[in-house]
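Biologist: Could you walk me through this model before I head back to the bench? I'd like to go strand by strand.

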Amino acid sequence: MKKPGPVGAYLIDIEGVLVRDKRYRPIDGAVRWMNALAEAGRPYCLVSNNTTHRPGDLTDALAGLDFPVDSNHLVGALGLGMAWLKERGKDRIRWLGTPALDSFWGEEGFEIVTAGPCDAVVLGANSFLEIAALDAVLEPVLDDGADVVCLHRNLFFLDGKGRRRLGPGVWAVALEALGGSGRLITIGKPEEGIYREALKRVGVAPAEALFISDDPISDLVTAGRLGMGTAFVLSGKYPDHGVLARLEEDDWPDIVCSCLSDLVIEEEEKF
Ligand SMILES: [Mg+2]
């Protein structure tokens with residue numbers, strides 16, 4: 001059992017920490033651990049790069065598995081990305097993420113266009129993305145100055161069958177290389193904004209937070225650099241700590257453990 005030290009609030013990744021993959025099968029012990037956390041009265045927040053589910057569906061699905069979460073516990077790249085676009089009046093978009101969310105964008109006041117000018121090209125995880133869809137955004141990116149909004153830049157994700165699939169981070173690199181005149185921004189992890197939003201939600205300073213994730217590269221490096229404690233669980237993308245060889249030692253997580261239930265929840269109020 002590992003002990004993370006004084007923790008005022010927990011920031012928790014979903015896939016690979018609470019559930020195995022896009023099929024949302026709970027990881028052994030995770031439901032019990034989360035309920036113990038809730039009973040201990042510790043603030044917590046899910047920090048997710050999920051771009052394949054409506055935020056409400058995501059928390060409903062987790063609640064249906066008996067995780068003690070509702071929409072107030074979620075800070076997600078999809079919601080923050082929509083807010084970023086709305087604040088700037090960018091409501092005509094090319095959506096390269098999953099077609100399952102087309103209607104959600106519409107309900108939120110966006111127009112998804114498939115030809116002609118647009119305000120922004122928006123990237124999310126999409127198992128069905130075809131090269132032709134990327135070809136189709138060359139015109140808005142190169143000729144019209146459309147922004148490229150990457151909801152996140154994960155290089156791969158695990159699909160419903162647990163297979164690794166290329167993620168929006170790969171397409172973001174390709175679109176960035178084009179050098180269009182619009183902005184290219186990233187909303188989700190590893191950009192700082194989503195971490196700061198999550199800290200606001202739980203109301204603690206970075207040093208009082210522990211960030212738990214199965215992805216030390218995309219999720220934990222930023223958390224550590226912002227001053228948070230970091231815990232790398234081996235229940236998701238990486239089955240062992242070999243991936244840490246790809247990081248500078250300063251960016252290594254504070255804790256490496258097999259899964260969420262390997263972490264001790266402190267009983268005494270420290271903050
Ligand atoms: Mg994950």
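Biologist: In which sense do β11 and strand β12 (residues 229–233) pair?

Modeller: First, this is a predicted model, where local features need pLDDT of at least 70 and side-chain atom pairs count only at pLDDT 80 or more, while totals for chains, interfaces and linings use all residues. Residues are numbered from 1 along each chain as its sequence is written. Strands (E, at least two residues) and helices (H or I, at least four) are DSSP runs numbered from the N terminus, and two strands pair if DSSP finds at least two bridges between them. In β12, G229 is the bridge partner of L210, and over four bridges β11 and β12 pair in the sense called parallel.

Biologist: Which residue in β11 does I12 stand opposite?

Modeller: Strand β1 (residues 9–12) also pairs with β11, in the parallel sense over four bridges. Opposite I12 in β11 stands I212.

Biologist: How many of the five residues of strand β11 (residues 209–213) are buried?

Modeller: Buried means 20 or more other C-beta atoms within 10 Å of a residue's own, with C-beta atoms placed from the backbone. A209, F211 and S213 point one way from β11, L210 and I212 the other way, and all are buried. The strand is largely enclosed by the rest of the structure, because the buried count is five of the five.

Biologist: And which residues of helix α1 (residues 30–39) are buried?

Modeller: Down the axis of α1, the buried residues fall within an arc of 95° (taken from the directions from the helix axis to the C-beta atoms), so they line one face of the helix. They are A30, W33 and M34.

Key
A residue is buried if 20 or more other C-beta atoms lie within 10 Å of its own, exposed if 12 or fewer, and partly exposed in between; C-beta atoms are placed from the backbone.
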